[in-house]
Amino acid sequence: MQTTCYYCLKTMAMKFSSLLSLFCFSLCFAILPCPSAASTILFQGFNWESCNKPGGWYNSLKSSVDELARAGVTHVWLPPPSHSVAPQGYMPAKLYDLNSSKYGNQAELKALIAALHQRGIRAIADIVINHRCATKQDARGIWCVFEGGRTDGRLDWGPSFICRDDVKYSDGTGNLDSGAGYDAAPDIDHLNPRARMELIVWMNWLKTEIGFDGWRFDFAKGYAAAIMGIYVQETAPNFAVGELWSGLYYDSGKPNYNQDAHRNELAKWVQDAGGVITAFDFTTKGILQAAVQGEWWRMKDTNGKPPGLIGILPRNAVTFVDNHDTGSTQTRWPFPSDKVMQGYAYILTHPGIPTIFYDHFFDWGLMKEIEGLAAIRKRNSISETSAVNILVAEADVYVAMIDQKIIVKLGPRFDVRNLVPPSFKVAASGKNYCVWEKSA
């Protein structure tokens with residue numbers, strides 16, 4: 001197969017990005033949900049050990065759908081559905097084979113999604129397409145021959161579909177990688193037109209045949225943002241979010257106060273991808289988990305706004321406390337376990353799209369507290385773009401008013417009566433947090 005010129009395709013992708021930006025306003029309505037009275041709440045419906053659940057994870061989660069609906073969850077992020085070399089699904093091989101997943105088979109997955117839809121909840125697939133694991137060796141003895149899991153040849157690829165700078169697996173005929181490298185598995189060449197087309201067809205099959213409504217893109221920095229924009233445009237998800245995990249900027253072992261460069265990287269990626277996709281707000285997570293350690297002054301930037309992505313691009317920011325990577329049994333960047341509810345009190349009262357993690361909701365005994373905060377969010381129509389007025393941000397206390405409807409206090413300082421008007425009444429409280437609602 002003749003290799004497509006990298007620079008030509010890169011230029012095409014840049015032109016597409018510019019064209020896509022002209023349609024951002026219309027695409028916002030056509031593809032992704034815009035803020036409304038029914039605020040979006042994402043729920044991560046698995047952890048790192050879910051693949052080991054006796055009886056299958058899909059069947060287990062299906063029994064919890066009513067509880068998710070009661071909590072006001074609008075979207076559930078499900079684990080990677082395809083055949084994978086690793087049981088968690090993040091080393092995918094035969095993408096069309098949904099019967100070999102350690103979470104359950106295709107029929108059980110469809111039954112779970114149907115149960116979610118019956119309660120008005122959207123299903124989000126974890127899309128792992130930066131890399132793939134081969135199922136066969138080529139003539140050189142290298143594992144670089146892929147099978148799609150169908151009989152018609154879709155997603156059946158050879159080494160020319162691997163980025164040529166991935167020298168461990170490539171035959172040197174692919175394009176240069178358009179994003180960050182990935183050492184653990186062959187890095188797919190997303191500048192290859194056939195690769196893009198067949199991945200788009202597969203994602204649309206996940207929608208029409210399986211019932212998925214949207215996407216969570218794993219390792220989204222692994223290919224160009226403009227290409228991500230193509231995937232979003234051509235699959236028209238109800239919701240899409242990308243994972244771009246990079247460390248904060250540190251000095252002397254602690255995060256710098258100013259993390260503008262970190263959040264600006266996220267914002268630039270969103271805009272380069274067309275402006276309609278969302279991104280996990282790793283900036284807010286990192287600052288927040290430092291702030292709860294007696295440094296609440298961190299939660300107000302130099303402009304008096306929230307210091308994460310929600311402070312500059314809230315509509316496209318997906319906030320979270322922990323996930324299967326940062327928490328669970330991996331604990332790669334965990335939120336302080338005794339202060340998790342302060343984290344939820346922040347993200348469920350502030351702009352952006354908050355995420356609830358399965359472990360915290362079902363395993364940590366926090367369901368009722370999280371439900372209470374989610375109900376306050378819904379009752380007061382707190383949305384992705386709600387206005388935040390930070391009243392105080394000092395070492396031992398943070399107080400903010402959101403949309404002039406609710407006030408949240410975080411931190412150990414107890415007496416903040418001078419900041420709370422008498423027309424506001426306590427709606428929820430717990431260890432070192434309190435939320436007031438404005439009386440009718």
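How many of the six residues of strand β3 are buried? In this predicted model, the answer is five, so to speak of β3 (residues 122-127) is to speak of a strand that is mostly covered.

The partners of β3 help to place the strand in its surroundings. Strand β2, made of residues 75-77, pairs with β3 in the parallel sense, and three bridges join the two. Within this pairing, A123 of β3 has V76 standing opposite. Between the two strands the chain takes a detour: it leaves β2, passes through helix α5 (residues 106-118) and arrives at β3. This β-α-β crossover is right-handed. A second pairing links β3 with strand β6 (residues 214-217), again in the parallel sense, this time over four bridges. Here I124 is the residue that stands opposite G214 in β6.

Attention now turns to empty space. Rolling a probe the size of a water molecule over the atoms shows where such space is left. How many cavities of 30 Å³ or more does a search of the whole structure find? The search finds two.

The largest cavity holds about 50 Å³ of space. Its lining is formed by Y257, N258, Q259, D260, R263, I287, D301, T302 and P307. These residues divide evenly by character, with three nonpolar, three polar and three charged. The second largest cavity has a volume of about 40 Å³. Around this second space lie P80, P81, S82, G89, P92, L95, D126, V128 and W202. One of these lining residues, D126, falls within the range of β3, residues 122-127. The lining of the second largest cavity counts six nonpolar residues, two polar and one charged.

A closer look at one glycine rounds off the picture. G311 sits in the loop between α9 (282-291) and β11 (317-319). Is G311 buried or exposed? The relative accessible area of G311 is 14%, and because buried means under 20%, this glycine counts as buried. Setting aside neighbours within four places in sequence, G311 is in contact with R263, K305 and P306. Of these contacts, R263 also appears in the lining of the largest cavity. K431, by contrast, lies 120 residues from G311 in sequence, and the C-alpha atoms of the two are 26 Å apart in space.

Terms used. Residues numbered from 1 in each chain as written. Predicted model: local features only at pLDDT ≥ 70, side-chain atom pairs only at ≥ 80, totals over all residues. Heavy atoms only, no water. 1 Å grid on protein atoms, 1.4 Å probe; cavity = no way out; pocket = protein on both sides within 12 Å on 5 of 7 lines; lining within 4 Å. Points joined across faces, edges and corners; volume = space filled by probe spheres on them. Nonpolar A, V, L, I, M, F, W, Y, C, P; charged D, E, K, R; others polar. Buried < 20%, exposed > 50% of the residue type's maximum accessible area, 1.4 Å probe, protein only. Pairing = 2+ DSSP bridges. Right-handed = clockwise from strand over helix to strand, strands pointing away. Contact = heavy atoms within 4.5 Å.
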